[in-house]
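Good morning, colleagues. I should like to take a few minutes to go through the model now on the screen, starting from a single residue pair and working outwards.

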Amino acid sequence: MSAAPTTSTGTASDVTAQAARRRTFAVISHPDAGKSTITEALALHARAITSAGAVHGKGDRRGVVSDWMAMEQQRGISITSAALQFTYRDVVVNLLDTPGHADFSEDTYRVLTAVDCAVMLLDAAKGLEPQTLKLFEVCRHRRVPVITFINKWDRPGLEPLELLDEIEQRIGLRCTPLTWPVGVAGQFHGVADRRTGQMVAFTRTPGGATAVVEEQLPADEAAQRYGADWTRAIEELDLLAATGADHDQAAFVAATTTPVLFGAAVTNAGVRQLLDVLVDNAPPPAARPDTGGSPRALDAPFSGFVFKTQANMNPAHRDQVAFVRVCSGRFERGMVVTHAGTGRPFATKYAQQVFGRDRDTIDEAYPGDVVGLVNATALGIGDSLYAGPAVTFPPLPSFAPEHFVAIRATDSSKFKRFRRGIEQLDGEGVVQVLRSDRRGEQTPVLAAVGPMQFEVATHRLAAEFGVPTAVDHLPYTLARRTDAGSAAALNAAPGVEVMTRVRDGELLALFPDKWRLSTVRNRDPDLVLEPLLADAQ
Ligand code: GDP
């Protein structure tokens, strides 16, 4: 069967115009910085959802979305969900969700391959935290432009100049604030908007409504009302201007500077300014390069790649959803596309927009949008799909695992099912599966960036495949790529074990720590020991 043409109605200029009005981004933050709160605030501001608390099922908040898995419910966290879409000022905003727990997973990293921009959310009292740093490294590696939002300004926090200094010193990103707080953290009157020279005052409404009311004040009125606080803000802004910390669109898009905004998501303060910056400054989708480096034009026929798959989202019908980021053309539900890996046709009758548990059938999508394809068991992470001329996008990065367990089925009569389950989890990218000659086929090794992936894996093996398992934690924290020539010597070194990664046949040497690695390397400098991927090193 040949691939269907994109559509008779979607002309090239439509597609270009639609792509230009898309903004696709993710929020990167440390747990508790306020990601769920700001997601709700952004969506509410844009009127995407109707009641606060509808985004994440957290704590006692009424959740309608991300609790598809029992384990997720118990922990009150979002392990996996997808994309929230809303329209603001005639721009279609796609907010891709990243898991909100303290753990890392490759899933989070992969979401960052599907965005055009990231919002780095910091807690004003804490500044940069470990998870923010790690996620930021991925943005840097992929040259994803970053907007910084300093949250919780309604509470005591660090000095604003101190926060900027920390960002510049620790991550080398030049800060170019667009707004500046009037009033120290904890006594937040509003922000000076550097683009207008005016103040945006945030006042609480009497009667206890949580959202603040915004008021535009010319500078003289701001000075009159807020006296010393306004003067101080202006002095600090003069200082910034003197050091050239002004927004530069090209430098921002090149990911060397970051516009900074201040606010308090919980009261909506600064949320509109963030939306405006997303619309005015965040880059729209650009032509994505294929494996050979040639970009697929935005107005070429449909193409996209799978950045995430998820099995059994709905226990009522076992299925697998593949989340596809549209890269070019107009996607129309029902079109038959080609799966680049196999050349086979793939029917898209059940295309959906999925955010947590909410699913809406979608009829069309454009570059930057995320489409959930149901019944997609044939599709794996990183796979390309296209209509018209063939295209294959580069494979998604596989990150260096830091945690390892040996896993076995406690009931050996269930080995076949166990093996099928392990294959499924490997294919979905929940964990990386390794084989070691020392351990045999019955006991594969699971490798992950964060240990919570093992809980997800054992839970799913039990719940979906009916296989109870036992795991033994292995004392390794570091993996290096090696080759067959070095394997014997490495296996003979105390504390080192060589394993084969099932997914791609790579040989990995596992070490307990970096000291052991350097001892082994010093003793025999000719051994092949290469880092797996710069992102996670
Ligand atoms: P997440 O883990 O990053 O998704 O964080 P949440 O959105 O769940 O927020 C963590 C806690 O911080 C919650 O108790 C929020 O109510 C609170 N929070 C979020 N934003 C603000 C804010 O702007 N000001 C204050 N004071 N609290 C906030």
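Let me begin with alanine 406, which stands opposite aspartate 472 in S27. That pair belongs to the junction between strand S24, residues 403-409, and S27, where five bridges join two strands that run antiparallel. Before I go further, please keep in mind that this is a predicted model.

What is the order of the strands in the sheet around this pair? It reads S27-S24-S26-S25-S29-S30-S28, an open sheet of seven strands with antiparallel pairing. Strand S27 (469-473) and strand S28 (478-482) each have a single partner strand and stand at the edges, so one side of each has no neighbour in the sheet. On average, and ignoring direction, neighbouring strands here are turned by 40 degrees against each other.

Two helices should be described together with this sheet. H10 lies across S24, strand S25 (432-435), strand S26 (445-448) and S27, and runs at about 150 degrees to S24. Helix H13, residues 514-523, also packs on the sheet, where it touches S28 and strand S30 (507-511). The direction of H13 makes about 30 degrees with that of S28.

H10 has a helical partner as well. The axes of helix H10 (residues 415-428) and helix H11 (residues 452-465) come within 10 Å and cross at roughly 125 degrees. That angle makes H10 oblique to H11, and the crossing in which H10 passes H11 is right-handed. On the H10 side, the contact is formed by Arg417, Phe418, Arg420, Gly421, Ile422, Gln424, Leu425 and Glu428. H11 contributes Ala457, Arg460, Leu461 and Phe465. Sorted by class, the contact of H10 with H11 holds six nonpolar, two polar and four charged residues.

I turn now to the other sheet I wish to show. It is an open sheet of seven strands with mixed pairing, in the order S2-S3-S1-S4-S5-S11-S6. At its edges are strand S2 (83-88) and strand S6 (174-177), each of which pairs on one side only. From one strand to the next, the twist averages 30 degrees. Within this sheet, strand S4 (residues 117-123) and strand S5 (residues 146-151) run parallel and are joined by six bridges. Which residue of S5 is the bridge partner of valine 119? The partner is isoleucine 147.

Next, two further helix pairs. Helix H6 (residues 160-171) and helix H7 (residues 219-242) have axes that come within 11 Å and cross at roughly 25 degrees. H6 and H7 are therefore roughly parallel to each other. Their contact involves Pro160, Leu161 and Leu164 of H6, together with Glu236, Leu239 and Leu240 of H7. By class, the contact of H6 with H7 comprises five nonpolar, no polar and one charged residues.

The second pair is helix H2 (residues 35-45) with helix H9 (residues 271-280), packed at an angle of about 75 degrees with their axes 10 Å apart. H2 and H9 are therefore roughly perpendicular to each other. Here Ile38, Ala41, Leu42 and His45 of H2 meet Val271, Arg272, Leu274 and Leu275 of H9. The contact of H2 with H9 has six nonpolar, one polar and one charged residues.

I close with confidence. The chain has a mean pLDDT of 85, and 85% of its residues reach 70 or more. Where in the chain is confidence lowest, and where is it highest? The lowest value belongs to helix H3 (residues 70-75), with a mean of 42, and the highest to strand S11 (residues 257-262), at 98. S11 is one of the strands of the mixed sheet, placed between S5 and S6 in the order. Two stretches call for a remark. Over residues 1-9, pLDDT stays under 50, and the model has 19 contacts beyond four places in sequence for them. Over residues 49-80, pLDDT likewise stays under 50, and there the model has 84 contacts beyond four places in sequence.

Thank you for your attention.

Definitions and conventions
Residues numbered from 1 in each chain as written. Predicted model: local features only at pLDDT ≥ 70, side-chain atom pairs only at ≥ 80, totals over all residues. Heavy atoms only, no water. Axes fitted to C-alpha atoms, helices over the stretch in contact; angles between N-to-C directions. Helix = DSSP H or I, 4+ residues; strand = E, 2+ residues; numbered from the N terminus. Parallel < 35°, antiparallel > 145°, perpendicular 65-115°, else oblique. Contact = heavy atoms within 4.5 Å. Nonpolar A, V, L, I, M, F, W, Y, C, P; charged D, E, K, R; others polar. Pairing = 2+ DSSP bridges. pLDDT = per-residue confidence, 0-100. Left-handed = near helix turned anticlockwise from the far one by under 90°.
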